[in-house]
Amino acid sequence: MKPLHNRRQFSRALAGGLLLPALSLPATVHAKDTALPVPTSLPAAAQAAAAKGEVMVLLVSLPGCPYCELVRRNYLLPGRQQTGLQAWQLNIADRTTPLLGFDGKTTSAAAQISAWKAGFTPTVLFLGPQGQEVAERLVGVASPDFYGAYLDDRLAQARKAVVALK
């Protein structure tokens with residue numbers, strides 16, 4: 001590839017896709033290996049986390065969202081696999097799959113996410129055993145370089161809150 005000497009050449013290359021792969025995040029969700037489990041019952045998932053002395057971490061996701069994939073692949077999946085992080089995901093567009101809510105009623109992921117007012121993806125919620133938010137939610141990916149630190153901070157806050165609930 002020839003060097004780009006001015007803004008116009010750079011813009012053409014970017015628009016033509018020559019530089020885009022190097023500058024962008026993944027465009028789509030790639031495979032099952034990058035999926036977090038989807039709960040069928042929020043109370044059961046939260047209670048399973050509480051039984052391990054953990055907080056329930058819930059990713060509000062959208063299929064094809066590159067930032068959701070970044071959070072899932074680089075932070076939540078490794079945490080789940082390496083440290084037993086109790087991480088789950090809900091698809092903001094899923095209006096059909098039944099989901100048991102914390103109120104004991106059947107709902108859908110989309111309706112539950114709307115009730116939580118968590119309509120921006122990715123959003124990571126930190127939930128206690130009764131479904132209460134135990135740390136400030138992490139909305140979006142403002143800076144990928146610092147995301148891990150933000151996530152660690154929220155997890156520490158959430159874990160302290162869960163211990164205090166006992």
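## Starting at the sheet edge

Which residue in S6 is the bridge partner of Thr-123? Going by this predicted model, the partner is Val-139. Thr-123 belongs to a strand, S5, that covers residues 123–127. S5 and S6 run antiparallel, with two bridges joining them.

Step back and you'll see an open sheet built from four strands, in the order S2-S1-S5-S6, with mixed pairing. At the edges sit S2 (87–91) and S6 (138–139), each of which pairs on one side only.

## The parallel pair

Now look at S1 and S2. These two strands run parallel, and five bridges join them. If you want a spot to find your way around, Ser-61 stands opposite Asn-91 in S2.

Although S2 is an edge strand, it's largely enclosed by the rest of the structure, because four of its five residues are buried. Together, S1, H4 and S2 make up a β-α-β unit, and that unit is right-handed.

## Helix H3 and its buried side

H3 takes in residues 42–51 and packs on the sheet, where it touches S1 (56–61) and S2. The direction of H3 makes about 135° with that of S1.

Which residues of H3 are buried? They are Leu-42, Ala-45, Ala-46, Ala-49 and Ala-50. These residues sit on the same side of H3, because they cover an arc of only 135° around the axis. The spacing fits a general rule: an α-helix has 3.6 residues a turn, so residues three or four places apart point the same way. As for what they pack against, the buried residues of H3 meet S1 and S2, along with strand S3 (98–100) and helix H5 (109–116).

Both ends of H3 have something to show. At the N-terminal end, Ser-41 acts as the cap, with a side-chain oxygen 3.1 Å from the backbone nitrogen of Ala-44. Just after the helix comes Gly-53, which takes a positive phi of about 70°.

## Helix H4 and a buried glutamate

H4 (residues 66–83) lies across S1, S2 and S5, and runs at about 160° to S1. One residue in this helix to click on is Glu-69.

Is Glu-69 buried or exposed? Its relative accessible area is 0%, and buried means under 20%, so Glu-69 counts as buried. The side chain of Glu-69 also has a partner: a polar contact of 3.2 Å joins it to the side chain of Arg-72.

Technical notes
Residues numbered from 1 in each chain as written. Predicted model: local features only at pLDDT ≥ 70, side-chain atom pairs only at ≥ 80, totals over all residues. Heavy atoms only, no water. Pairing = 2+ DSSP bridges. Contact = heavy atoms within 4.5 Å. Axes fitted to C-alpha atoms, helices over the stretch in contact; angles between N-to-C directions. Buried < 20%, exposed > 50% of the residue type's maximum accessible area, 1.4 Å probe, protein only. Arc of directions from axis to C-beta. Polar contact = N/O pair within 3.5 Å; in protein donor to acceptor, adjacent residues only side chain to side chain. Right-handed = clockwise from strand over helix to strand, strands pointing away.
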